[in-house]
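Open the model in your viewer and keep the sequence panel in sight. Each stop below says what to select and what is there.

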Amino acid sequence: MKNNIKANNDKLVKDFKSVIADAEALLTAAGDQTGDGIDKLRTSMKSNIDNAKKRLMDLEEDLSDKAKHAIKVSDEYV
C-alpha cells in the first residue's frame, strides 16, 4: 500500500512537471512573435507558469508529508 501511494504521488508530480515544461516550450516558441496581444499573452503565461511551479513544489512537499504519515500510521498499526 505504501509503495502504491508513493507511486501515485510521484506520477502526479511528474505529470504536473511535464505540463509546465510543455507550457514553457510553447512560451519559448512564441517568443519570436510580436504584437500587443502576444506580449500580453506571453506575460500572462509566464506568470501562470511561475505560479504553477510554486504550487507544484508545495504539492510535492505536501504529498510527500502525507505519504510519510500514512506509512508511519500503517507501520504502527501493524
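Select Glu24 and Lys53 and show their side chains. They meet in a salt bridge, 2.6 Å from N to O. Glu24 lies in helix H1 and Lys53 in helix H2, so this pair ties together parts that are 29 residues apart in sequence. Glu24 has 29% relative accessibility and counts as partly exposed. Lys53 is also partly exposed, at 34%. Remember as you go that this is a predicted model.

**Another bridge between the helices**

Now pick Glu60 and Lys17. Here too is a salt bridge, with the closest N and O atoms 3.9 Å apart. Glu60 sits in helix H2 and Lys17 in helix H1, so the link joins distant parts of the chain, 43 residues apart. Are these two residues buried, partly exposed or exposed? Glu60 is partly exposed, at 33% relative accessibility. Lys17 is partly exposed as well, with a relative accessible area of 43%.

Keep Lys17 on screen and add Met57. Met57 lies in helix H2. The C-alpha atoms of Met57 and Lys17 are separated by 9.7 Å, although the residues are 40 apart along the chain. Color Met57 by accessibility: at 55% it counts as exposed.

**A bridge within one helix**

Select Asp62 and Lys66. They form a salt bridge whose closest N and O atoms are 3.4 Å apart. Both residues lie in helix H2, four residues apart, which is about one turn of the helix. An α-helix has 3.6 residues a turn, so residues three or four places apart point the same way. Asp62 is partly exposed, at 35% relative accessibility. Lys66 is exposed, with a relative accessible area of 53%. By the rule used here, the salt bridge count comes to four.

**Helix H2 from end to end**

Select residues 36-77. This is helix H2, with 42 residues. From its first C-alpha to its last it reaches 60 Å, close to the 62 Å expected at 1.5 Å a residue. Which residues in H2 are buried? Highlight Met45, Ile49, Leu56, Leu63 and Ala67.

Then try Lys54, also in helix H2. Lys54 is partly exposed, at 49% relative accessibility. Draw a distance from its C-alpha to that of Ala21: the separation is 14 Å, with their positions 33 residues apart along the chain.

**The nonpolar core**

Hide the charged side chains. Show Val13, Ile20, Leu27, Met45, Ile49, Leu56 and Leu63 as spheres. These seven residues form the largest nonpolar core. Two elements give two or more residues to this core: helix H1 (2-29) and H2. Which of them supplies the largest share? The answer is H2, with four residues. In soluble globular proteins, nonpolar side chains tend to be buried together.

Zoom in on Leu63. Leaving aside neighbors within four places in sequence, Leu63 is in contact with Asn9, Leu12 and Val13. Of these contacts, Val13 is also listed in the core.

**A stop on helix H1**

Select Ser18, which is found in helix H1. Ser18 is partly exposed, at 37% relative accessibility. Now add Asp36. The C-alpha atoms of Ser18 and Asp36 are 28 Å apart, and the residues are 18 apart along the chain.

**Zoom out**

Show the whole chain as a cartoon. How many helices and strands does it have? The protein chain comes to two helices and zero strands. Its radius of gyration is 18 Å, well over the 12 Å that the globule rule gives for 78 residues, so the chain is more spread out than a compact globule. Along its principal axes, the C-alpha trace spans about 65 × 15 × 10 Å.

Switch to a surface view. The protein chain exposes about 6200 Å², and carbon and sulfur atoms supply 57% of that area. Buried residues make up 12% of the 78 residues.

Finish with a contact map, if your viewer draws one. Look at contacts with a separation of 6 or more: residues 24 or more positions apart account for 69% of them. The Glu24–Lys53 salt bridge, where the tour began, joins helix H1 to helix H2.

How values were computed: Residues are numbered from 1 along each chain as its sequence is written. This is a predicted model: local features need pLDDT of at least 70, side-chain atom pairs count only at pLDDT 80 or more; totals for chains, interfaces and linings use all residues. Side-chain values use heavy atoms; hydrogens and water are left out. The expected span of a helix is 1.5 Å times one less than its number of residues. Buried means under 20% relative accessible area, exposed over 50%, partly exposed in between (1.4 Å probe, protein chains only). A nonpolar core is a set of buried Ala, Val, Leu, Ile, Met, Phe, Trp, Tyr and Cys residues joined through side-chain atoms within 4.5 Å. Contact means heavy atoms within 4.5 Å. The radius of gyration is taken over C-alpha atoms; the globule rule is 2.2 Å times the number of residues to the power 0.38. Accessible areas come from the Shrake-Rupley method with a 1.4 Å probe; for residues, only the protein chains shown count as cover.
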